[in-house]
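Hi,

Here is the model I promised to pass on. Have a look at it first, and my notes follow underneath.

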Amino acid sequence: YALPYFADDVASADGRTRDVLITNDLDDFRTDDIFVVDFRLEKEFAGTGNVGFTFSLDAFNLLNDNYVMQRRRAVNASTFNHLFETLSPRVYRMGVRLNWR
């Protein structure tokens, strides 16, 4: 994704704040490519009659990468380059599903 840096500028005529792009092109700076590994393992068991069970184990962001998703891009702000959002940490989920046939 493009990461355009800008400066907040207050126009003297109307007093409104405008974003002024400080790079030549919108995509002069880009975020790193994001690669996330998720994993799912499940096994279905047949119960008695028309009932079955499915047990599952999920793992999200298995490599526990902490990619930056959003950051403050206004270069003249006191919070310039502060992080607003990162990728969630590694999460495991176990589940049981009851199936009727």
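Let's start with a definition: I call something a salt bridge when a side-chain nitrogen of Lys or Arg is within 4 Å of a carboxyl oxygen of Asp or Glu. Before you read on, this is a predicted model, so local features need pLDDT of at least 70, side-chain atom pairs count only at pLDDT 80 or more, and totals for chains, interfaces and linings use all residues. Residues are numbered from 1 along each chain as its sequence is written, and side-chain values use heavy atoms, with hydrogens and water left out.

**Salt bridges**

By that rule there are three salt bridges. Aspartate 58 forms one of them with arginine 40, with 2.9 Å between the closest N and O atoms. Aspartate 58 sits in strand 4 and arginine 40 in strand 3, so this pair ties together parts that are 18 residues apart in sequence. (Strands here are DSSP runs of E, at least two residues, and helices are runs of H or I, at least four, all numbered from the N terminus.)

Aspartate 58 also bridges to arginine 93, again with the closest N and O atoms 2.9 Å apart. Arginine 93 belongs to strand 7, so here the parts tied together are 35 residues apart in sequence. Arginine 40, for its part, meets the side chain of glutamate 42 in a salt bridge (2.9 Å, N to O). Put together, Arg40, Glu42, Asp58 and Arg93 are linked in a network.

Is aspartate 58 buried or exposed? It is buried, with a relative accessible area of 5%; the cut-offs are under 20% for buried, over 50% for exposed and partly exposed in between, using a 1.4 Å probe and protein chains only. Its network partners come out as partly exposed: glutamate 42 at 43%, arginine 40 at 42% and arginine 93 at 45%.

**The sheet**

Strands 3, 4 and 7 make an open sheet in the order 3-4-7, with antiparallel pairing. (Two strands pair if DSSP finds at least two bridges between them.) Strand 3 and strand 7 (91-100) are at the edges with a single partner strand each, so one side of each has no neighbour in the sheet. Strand 3 and strand 4 (residues 51-60) pair over eight bridges. One residue to click on is lysine 43, whose bridge partner in strand 4 is phenylalanine 55.

Lysine 43 also lies over the face of phenylalanine 45, 5.8 Å from the ring centre. For that I want NZ of Lys or CZ of Arg within 6 Å of the ring centre and within 35 degrees of the ring normal.

**Aromatic rings**

Rings of Phe, Tyr and Trp (its six-membered ring) pair if their centres lie within 6.5 Å; planes under 30 degrees apart are stacked, over 60 edge-to-face and the rest tilted. The structure has four such pairs. One of them is tyrosine 5 with phenylalanine 29, edge-to-face at 5.2 Å centre to centre and 75 degrees between the planes. Tyrosine 5 comes from the segment before strand 1 (6-10), while phenylalanine 29 is in the loop between strand 2 (17-21) and strand 3 (39-46), 24 residues apart.

Tyrosine 5 is buried at 14%, whereas phenylalanine 29 is partly exposed at 42%. Tyrosine 5 and phenylalanine 80 are edge-to-face too, with centres 5.8 Å apart and planes at 65 degrees. Ring pairs thus link Tyr5, Phe29 and Phe80 into a cluster.

Cheers
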